[in-house]
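Here's a quick briefing on a protein chain for anyone who wants to find their way around it. Have a look at the model first, then read on.

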Amino acid sequence: ILISLILCVVKSQDEISCGETKTGIRGPEEEVEFVFIAKTDYEQVYLESCDSDHDIVLDIEDKNGNVIVTEDDRTDTMPSQCNYKYAPAITIPGYVSTNDEYSFIVGGYGRKEGVYTVQLFCEEAYTAPGPAPSPSDCPRERKEWNTATPSERDLYINGLLQLSQDGKLQKFTAQHGDDDASEQAHGTSAFLPWHRQFLFELETQIRNLGGEYACFALFYWNWGSDVDQFNGTYDSYSIMNSGLGGRGDPNDNYCVTDGNFRLGQYTPSYCEIDSWRSWSTNECCLRRYTKENDQPNSIWSSITNELNIDLSDSYGSDTDNNYKSGINELIRGGGHSYAHCTFG
């Protein structure tokens with residue numbers, strides 16, 4: 001009697017969207033399939049498996065089940081994403097059009113098994129903007145956060161989350177921390193105009209989402225009003241109690257675990273170093289180290305804000321390192337820095 005043994009590969013299936021992270025456990029002969037359907041046109045779509053704990057092999061199949069790309073750590077064409085770890089990144093070849101369908105297959109070498117973590121990144125194709133609305137019809141009227149209605153705050157939060165899912169918000173985050181950009185963005189006379197343009201572009205990207213976002217405008221936070229009301233009771237500040245999340249968890253690397261930008265819900269950018277990750281899940285997270293209540297408050301009150309704005313009649317320059325040499329340095333090194341150092 002001839003007995004033939006056929007080794008079957010078990011395949012499980014799920015869907016994945018831009019900006020989404022999937023984590024699970026795969027067995028020694030298991031392949032996990034993630035189906036991606038493009039919601040718009042993309043210049044680039046790629047999947048990272050950098051945070052997996054075992055030797056991963058990635059495939060991309062077209063909608064007919066044909067393998068069109070295979071990557072492992074030795075053939076990885078995007079080594080900068082995973083730094084030549086045993087888990088690679090893989091990219092859909094060429095331009096991805098609306099409604100195109102692909103499958104990402106997560107497998108392993110031989111009988112390797114363990115925890116896989118994959119995240120999908122999408123770069124939308126450039127679309128020339130249509131005619132800009134006239135300023136009288138759609139001005140960029142920026143309100144103070146405390147004066148915004150709950151629906152206006154929700155629109156702001158949802159707009160940022162949508163940019164994050166589209167892979168755009170991460171680019172703004174990376175740009176702000178880029179070494180080359182910092183030569184202009186921080187510690188120079190370009191501090192105010194650089195950030196003015198930066199926020200204008202961020203606001204524009206949310207407006208370009210269209211629909212309810214067409215006339216979107218960012219908000220600003222008048223920290224002086226919270227200081228006047230709550231002084232050093234930071235947990236009572238409006239900015240900590242309005243959907244943006246509270247203080248970070250000191251037992252989990254100060255990751256924010258509540259609100260719309262909580263751990264597992266929001267990925268700020270690609271974590272370049274492990275010290276930025278959650279201790280409990282190893283995910284990249286929004287971290288916020290906030291002073292304990294009743295510690296000395298260095299954030300400027302309303303009166304202090306007004307006094308410092310009137311303290312100098314010059315803007316300041318890069319050649320004068322005197323802290324009080326101009327309004328640019330008073331804002332950057334004063335109120336702006338104190339708010340960052342108190343809330344993170």
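In this predicted model, strand E4 (residues 42-48) pairs with E7 in the antiparallel sense, and 3 bridges hold the pairing. One spot to click on is Glu48, whose bridge partner in E7 is Ala89. From there it's easy to walk out to the rest of that sheet, and then to the other parts of the chain.

**The four-stranded sheet**

- E4 and E7 belong to an open sheet of 4 strands, which runs in the order E2-E9-E4-E7 with antiparallel pairing.
- Strand E2 (21-26) and strand E7 (89-91) are the edges, so to speak: each of them pairs on one side only.
- Going from one strand to the next, the twist averages 20°.

**Strand E8 and its partners**

- Strand E8 covers residues 101-108, and it's mostly covered, with 6 of its 8 residues buried.
- Strand E3 (residues 30-37) pairs with E8 over 6 bridges, in the antiparallel sense.
- Along that pairing, Phe36 sits opposite Tyr102 of E8, while Phe34 sits opposite Phe104 of E8.
- E3 has 6 of its 8 residues buried, so this strand is largely enclosed by the rest of the structure.
- Strand E5 (residues 56-62) is joined to E8 by 7 bridges, and these two strands also run antiparallel.
- In the E5 pairing, look for Leu58, which stands opposite Val106 in E8.
- For anyone colouring side chains here, remember that in a regular strand they alternate between the two faces of the sheet.

**Ile105, up close**

- Is Ile105, a residue of strand E8, buried or exposed?
- Ile105 counts as buried, because its relative accessibility is 1% and the cut-off for buried is under 20%.
- Ile105 also shows how the chain comes back on itself: Leu58 is 47 residues away from Ile105 in sequence, but their C-alpha atoms are 5.6 Å apart in space.

**A glycine in helix H8**

- Gly333 has its place in helix H8 (residues 327-343).
- With a relative accessible area of 16%, Gly333 is buried, since anything under 20% falls in that class.
- Here's another long-range pair: Gly333 and Gly187 are 146 residues apart in sequence, and the distance between their C-alpha atoms is 8.3 Å.

**Two asparagines with positive phi**

- A bit of background: most residues other than glycine have a negative phi.
- Asn231 goes the other way, with a positive phi near 50°.
- You'll find Asn231 in the loop between helix H6 (223-230) and helix H7 (302-309).
- Asn231 has a relative accessible area of 48%, so it ends up as partly exposed, given that exposed starts over 50%.
- Which loop holds Asn282? Asn282 lies in the loop between H6 and H7.
- The phi of Asn282 is positive too, at about 65°, although this residue is not a glycine.
- Asn282 counts as partly exposed, with 35% relative accessibility.

**The cavity**

- How many cavities of 30 Å³ or more are there? The count comes to 1 cavity.
- About 190 Å³ of space lies in the largest cavity.
- The largest cavity is lined by 15 residues, and the ones closest to its centre are Thr21, Asp51, Gln119, Arg277 and Cys284.
- Strand E9 (residues 114-124) gives the most to that lining, with 4 residues.
- E9 is also a member of the open sheet, where the order reads E2-E9-E4-E7.

**The chain as a whole**

- Zooming out, the protein chain has 8 helices and 11 strands.
- Of its 344 residues, 43% count as buried.
- Take the contacts between residues at least 6 apart in sequence: 67% of them join residues at least 24 apart.
- The protein chain exposes about 18800 Å², and carbon and sulfur atoms supply 50% of that area.

Conventions:
Residues numbered from 1 in each chain as written. Predicted model: local features only at pLDDT ≥ 70, side-chain atom pairs only at ≥ 80, totals over all residues. Heavy atoms only, no water. Buried < 20%, exposed > 50% of the residue type's maximum accessible area, 1.4 Å probe, protein only. Contact = heavy atoms within 4.5 Å. Areas by Shrake-Rupley, 256 points an atom, 1.4 Å probe, with all protein chains shown as cover. Pairing = 2+ DSSP bridges. Axes fitted to C-alpha atoms, helices over the stretch in contact; angles between N-to-C directions. 1 Å grid on protein atoms, 1.4 Å probe; cavity = no way out; pocket = protein on both sides within 12 Å on 5 of 7 lines; lining within 4 Å. Points joined across faces, edges and corners; volume = space filled by probe spheres on them.
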